Amino acid sequence: MSSVARQLSNILSQSSATTSVIRSPVPVVSAPVANAIVAAGELRERIELSGLFYEAHLVRWHRGERDRSLLDREPQMALWRQHGTDTGRFEQGLQGLVRQQLDLLSIPKLRWEGELWPGLFAEFLIQQVAGDLFDTEPRRNKHHLQRRDSAWCAEIKLQLQYLGAVVLSATMHGRALSIQVKVRDNATLEAVSVFVESLQQRFLGAGFTSVQADVVLMDDD
């Protein structure tokens, strides 16, 4: 077994069955924002520059498709600047990140935790799921089965000042979207339900051909 294979084996043996978490030490934005697109863009950048996708970004930079300055902002480059030619310390610093990369390859599930802005903690999860709930057409052949075999689900958990705990999940399969908002009590359910139709229209206007949206109460557990 090569030295690289041994290192990967050691890292895998230390991995747990739970999903690795990307944690941001500082808020995504410095103050509350009215435009959710701003916060979403900043969150995307945090995940993109987390180091999980460094090798893919390196390939794109080599092809001239990505700016070098973006590579310099990823943890791999920070470790290299910190440890330089000290290969042992560099590899030791990378172990946790490599473990996260291997976890993501084996289980396509990405989790982020942190403050969207000061005082607003959020948990964000994106994962690949079965796409059967969108499959309303008969599967006539193998090619059709492969095209409709999976979907992507994103979930964000928030603790809001006036609405309390809210869980928003969105499952996307092609241009079909299913949204579910979970809230704690009936008063919040009624308040949020007022905006369901406008939410559907916004996503239809963004290019989705089918949008389902529901507001439900959380389970007691």
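Glu65 is partly exposed in this predicted model, with a relative accessible area of 45%. The partner of Glu65 is Arg60: the two side chains meet in a salt bridge, with 3.9 Å from N to O. A bridge is counted when a side-chain nitrogen of Lys or Arg lies within 4 Å of a carboxyl oxygen of Asp or Glu, so the 3.9 Å of this pair meets the cut-off. Arg60 is itself partly exposed, at 36% relative accessibility. Side chains of opposite charge can pair when their charged atoms come close. The structure holds five salt bridges, and two others are described here along with their surroundings.

Arg68 takes part in one of them, bridging to Asp72 with the closest N and O atoms 3.0 Å apart. Both residues fall into the partly exposed class, Arg68 with a relative accessible area of 39% and Asp72 at 27%. Arg68 also has an aromatic neighbour, for this residue lies over the face of Trp61, 5.6 Å from the ring centre. A charge is taken to sit over a ring if CZ of Arg is within 6 Å of the ring centre and within 35 degrees of the ring normal. Arg68 can thus be looked up in the model with two partners in mind, the carboxylate of Asp72 and the ring of Trp61.

The salt bridge between Arg23 and Glu113 links distant parts of the chain. Here the side chains come to 3.6 Å, N to O. Arg23 belongs to strand S1, which covers residues 21-23, while Glu113 belongs to strand S2, residues 109-117; the two residues are 90 apart in sequence. The two ends of this bridge also fall into separate accessibility classes: Arg23 counts as exposed, at 59% relative accessibility, whereas Glu113 counts as buried, at 18%. The limits are over 50% for exposed and under 20% for buried, so 59% places Arg23 in the first class and 18% places Glu113 in the second.

Turning to the rings, the structure holds two aromatic pairs. In one of them, Trp80 and Phe90 have ring centres 5.4 Å apart and planes at 85 degrees, so the arrangement is edge-to-face. Trp80 sits in helix H5 (residues 75-83) and Phe90 in helix H6 (residues 87-106), so this pair ties together parts that are ten residues apart in sequence. Trp80 is partly exposed, with 45% relative accessibility, and Phe90 is buried, with 16%.

The other pair, Phe203 with Phe208, is edge-to-face as well, at 6.0 Å centre to centre and 70 degrees between the planes. Planes over 60 degrees apart count as edge-to-face, so the 70 degrees of this pair qualifies. Phe203 is partly exposed, at 29% relative accessibility, and Phe208 is buried, with a relative accessible area of 18%.

These pairs belong to a protein chain of nine helices and seven strands. Of the 221 residues in the chain, 33% count as buried. Among contacts between residues at least 6 apart in sequence, 52% join residues at least 24 apart. The chain exposes about 14400 Å², and carbon and sulfur atoms supply 53% of that area.

Key: Residues numbered from 1 in each chain as written. Predicted model: local features only at pLDDT ≥ 70, side-chain atom pairs only at ≥ 80, totals over all residues. Heavy atoms only, no water. Phe/Tyr/Trp six-rings, centres within 6.5 Å; stacked < 30°, edge-to-face > 60°. Helix = DSSP H or I, 4+ residues; strand = E, 2+ residues; numbered from the N terminus. Buried < 20%, exposed > 50% of the residue type's maximum accessible area, 1.4 Å probe, protein only. Contact = heavy atoms within 4.5 Å. Areas by Shrake-Rupley, 256 points an atom, 1.4 Å probe, with all protein chains shown as cover.
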